[in-house]
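This report goes through one protein chain, from its overall layout to its helices and their packing. Please look over the sequence and the structure before reading on.

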Amino acid sequence: MSQAIELIVDGYTRLKDRQSLEDLRMHRRRLAVDLKARTGFDCRLSIAQIEQDITTIEAGLQALSGPVGG
């Protein structure tokens, strides 16, 4: 999924679609919280992947917050 999220983030970044990136990050954060609350299942790998996705999304948001001008 990492490559997929990278492509999605790249697309939103190219479109300068900050809101979609923020929505995507919020969705991933909710997924992480839900998985961390689960008992009886080992969700560590899924949680790690989601946290990696969040890092990728935040890099896209940071790119949109970069220097203005050009």
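What share of the contacts between residues at least 6 apart in sequence join residues at least 24 apart? In this protein the share is 67%.

## Overall layout

The model is predicted. The protein holds three helices and zero strands, and along the sequence these elements follow the pattern α-α-α. Measured out along the principal axes, the C-alpha trace spans about 50 × 20 × 15 Å.

Of the 70 residues in the protein, 24% are buried.

## Helix α1

Helix α1 takes in residues 2-14, 13 residues in all. From its first C-alpha to its last it reaches 18 Å, close to the 18 Å expected at 1.5 Å a residue. Its buried residues are S2, I5, V9 and T13. Viewed down the axis of α1, these buried residues fall within an arc of 70°, so they line one face of the helix. In general, an α-helix has 3.6 residues a turn, so residues three or four places apart point the same way.

The buried residues of α1 pack against α2 (18-37) and α3 (44-64). On the other side of α1, the residues Q3, L7 and R14 are exposed.

## The loop after α1

L15 sits in the loop between α1 and α2. Is L15 buried or exposed? Its relative accessibility is 65%, and exposed means over 50%, so L15 counts as exposed. In sequence L15 is 49 residues from L64, while in space the two are 9.9 Å apart, C-alpha to C-alpha.

K16, which also follows α1, has a positive phi, near 55°.

## Helix α2

Helix α2 has 20 residues, which at 1.5 Å a residue should span 28 Å; the end C-alpha atoms of α2 are 29 Å apart, which agrees. L21, L24, R28 and A32 are the buried residues of α2. They cover an arc of only 80° around the axis, so they lie on the same side of α2.

The cover over these buried residues of α2 includes α1 and α3. On the other side of α2, V33 and A37 are exposed.

## How α1 meets α2

How do the axes of α1 and α2 lie, and at roughly what angle do they cross? The two axes come within 9 Å and cross at roughly 150°. An angle over 145 degrees counts as roughly antiparallel, so α1 is roughly antiparallel to α2.

On the α1 side, the contact is made by I5, I8, V9, Y12 and T13. On the α2 side, S20, L21, L24 and R28 take part. Among these contact residues, I5, V9 and T13 are buried residues of α1, and L21, L24 and R28 are buried residues of α2.

## The nonpolar core

Which residues make up the largest nonpolar core? There are six: I5, V9, L21, L24, I57 and L61. The elements giving two or more residues to this core are α1, α2 and α3. As a general rule, nonpolar side chains in soluble globular proteins tend to be buried together.

V9 of this core touches L21, L24, T56, I57 and G60, leaving aside residues up to four places away in sequence. Three of the residues named there, L21, L24 and I57, belong to the core as well.

Terms used. Residues numbered from 1 in each chain as written. Heavy atoms only, no water. Helix = DSSP H or I, 4+ residues; strand = E, 2+ residues; numbered from the N terminus. Expected span 1.5 Å × (residues − 1). Buried < 20%, exposed > 50% of the residue type's maximum accessible area, 1.4 Å probe, protein only. Arc of directions from axis to C-beta. Contact = heavy atoms within 4.5 Å. Core = buried A, V, L, I, M, F, W, Y, C linked by side-chain atoms within 4.5 Å. Axes fitted to C-alpha atoms, helices over the stretch in contact; angles between N-to-C directions. Parallel < 35°, antiparallel > 145°, perpendicular 65-115°, else oblique.
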